Amino acid sequence: AVDFADIAAVAEALARIVVASRRHSDLMDWAQDTSPFSLAAEIQRRLLPGSFTCETERFTVAGWLEPANAVGGDTFDYSLNRDTLHLSVTDAVGNDVNAALLASVLLGSLRNSRRRGAGLADQARTANDALAAHAQVGQFVTGQLARVDLHTGMMTFVNAGHPFPYRVRGGQVGEIELDIDMPFGLYAGRDLRLRRLQLRPG
């Protein structure tokens with residue numbers, strides 16, 4: 001007879017070993033990669049969160065990039081800080097090393113200001129100015145930044161030139177239509193508008 005509890009316990013232990021070990025070795029990446037990564041994709045991959053999924057009793061966050069071995073400027077990020085979930089989805093213009101470098105500057109700035117306790121509007125302004133200082137004419141990054149209050153379900157977000165987000169409600173998927181600001185990095189010294197959306201369980 002198969003004891004599924006034992007199988008689940010072994011799988012969980014193995015998963016913890018894999019997660020802990022991959023920080024110290026290339027072995028897991030080597031075993032996982034089925035095709036070579038471009039230089040841009042290798043840079044971009046290191047920008048992603050340590051785990052592509054985070055699940056608690058209040059929320060689930062999951063992300064993936066496809067094709068993972070060729071994407072150069074797309075990123076997603078999240079951070080759980082007590083009762084606030086921080087999210088970002090960004091897309092740098094192009095798919096080459098320059099796009100990966102733009103993504104590095106933007107995401108580095110977002111993480112830096114977030115870890116210093118900056119509000120969402122300040123994070124967006126600082127990231128925009130950092131990118132404007134390091135980007136060439138015509139280079140930019142589109143993106144959405146969000147903060148979710150896990151007590152109230154209120155999401156505050158910035159949309160910088162990115163497509164409309166989608167929401168699932170009552171089993172129906174629909175776009176959330178809103179005014180969109182210009183992308184990050186076009187010029188320094190500008191504020192991006194904050195929007196608010198009430199999320200509901202499920």
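The following questions and answers concern a predicted model.

Reader: In what order do the strands of the open sheet lie, and which are the edge strands?
Author: In this predicted model, 5 strands form an open sheet with antiparallel pairing, in the order E3-E4-E5-E6-E9. From one strand to the next the twist averages 15°. Pairing on one side only marks the edge strands, which are strand E3 (74-81) and strand E9 (195-198).

Reader: Over how many bridges do E3 and strand E4 pair, and what is the bridge partner of Phe76 in E4?
Author: Strand E4 covers residues 84-92, and E3 and E4 pair in the antiparallel sense over 8 bridges. Within that part of the sheet, the residue of E4 that serves as bridge partner of Phe76 is Val89.

Reader: Which strands does helix H4 lie across, and at about what angle does helix H4 run to E4?
Author: Helix H4, made of residues 97-115, lies across E3, E4 and strand E5 (141-149). Helix H5 (residues 120-134) also packs on the sheet, where it touches E4, E5 and strand E6 (154-160), with a direction about 160° from that of E5. As for helix H4, its angle to E4 is about 160°.

Reader: Is Ser109 buried or exposed, and with which residues beyond its neighbours in sequence is Ser109 in contact?
Author: Ser109 has its place in helix H4. The relative accessibility of Ser109 is 10%, and because buried means under 20%, this residue counts as buried. Once neighbours within four places in sequence are left aside, the residues in contact with Ser109 are Thr126, Ala127 and Ala130.

Reader: Where do Arg111 and Asp77 lie, and is each of them buried or exposed?
Author: Arg111 and Asp77 form a salt bridge whose closest N and O atoms are 2.9 Å apart. This pair links distant parts of the chain, 34 residues apart, with Arg111 in helix H4 and Asp77 in strand E3. The relative accessible area of Arg111 is 16%, so with the limit for burial at under 20% this residue is buried. Asp77 has a relative accessibility of 6% and therefore also counts as buried.

Reader: How do Glu12 and Arg16 meet, and is Arg16 buried or exposed?
Author: Both residues lie in helix H1 (residues 4-21), 4 residues apart, which is about one turn of the helix. Their side chains meet in a salt bridge with an N to O distance of 2.9 Å. Glu12, at 44% relative accessibility, counts as partly exposed. Arg16 has a relative accessible area of 56%, and because the class begins over 50%, this residue is exposed.

Reader: Which residues are linked with Glu42 in a network of salt bridges, and what is the count of salt bridges?
Author: Glu42 forms a salt bridge with Arg46, with the closest N and O atoms 3.0 Å apart. Glu42 is partly exposed at a relative accessible area of 28%, and Arg46 counts as partly exposed at 48%. The network links Glu42 with Arg45 and Arg46, while the count of salt bridges in the model comes to 10.

Reader: Is Ala62 buried or exposed, and what distance separates the C-alpha atoms of Ala62 and Phe76?
Author: Ala62 is found in strand E2 (residues 60-62), and apart from residues up to four places away in sequence it touches Phe52 and Thr53. With a relative accessible area of 62%, Ala62 is exposed. Ala62 and Phe76 are 14 residues apart along the chain, and the separation of their C-alpha atoms is 9.6 Å.

Notes. Residues are numbered from 1 along each chain as its sequence is written. This is a predicted model: local features need pLDDT of at least 70, side-chain atom pairs count only at pLDDT 80 or more; totals for chains, interfaces and linings use all residues. Side-chain values use heavy atoms; hydrogens and water are left out. Two strands pair if DSSP finds at least two bridges between them. Helices (H or I, at least four residues) and strands (E, at least two) are DSSP runs, numbered from the N terminus. Axes are lines fitted to C-alpha atoms, for helices over the stretch in contact, and angles run from 0 to 180 degrees between N-to-C directions. Contact means heavy atoms within 4.5 Å. Buried means under 20% relative accessible area, exposed over 50%, partly exposed in between (1.4 Å probe, protein chains only). A salt bridge is a side-chain nitrogen of Lys or Arg within 4 Å of a carboxyl oxygen of Asp or Glu.
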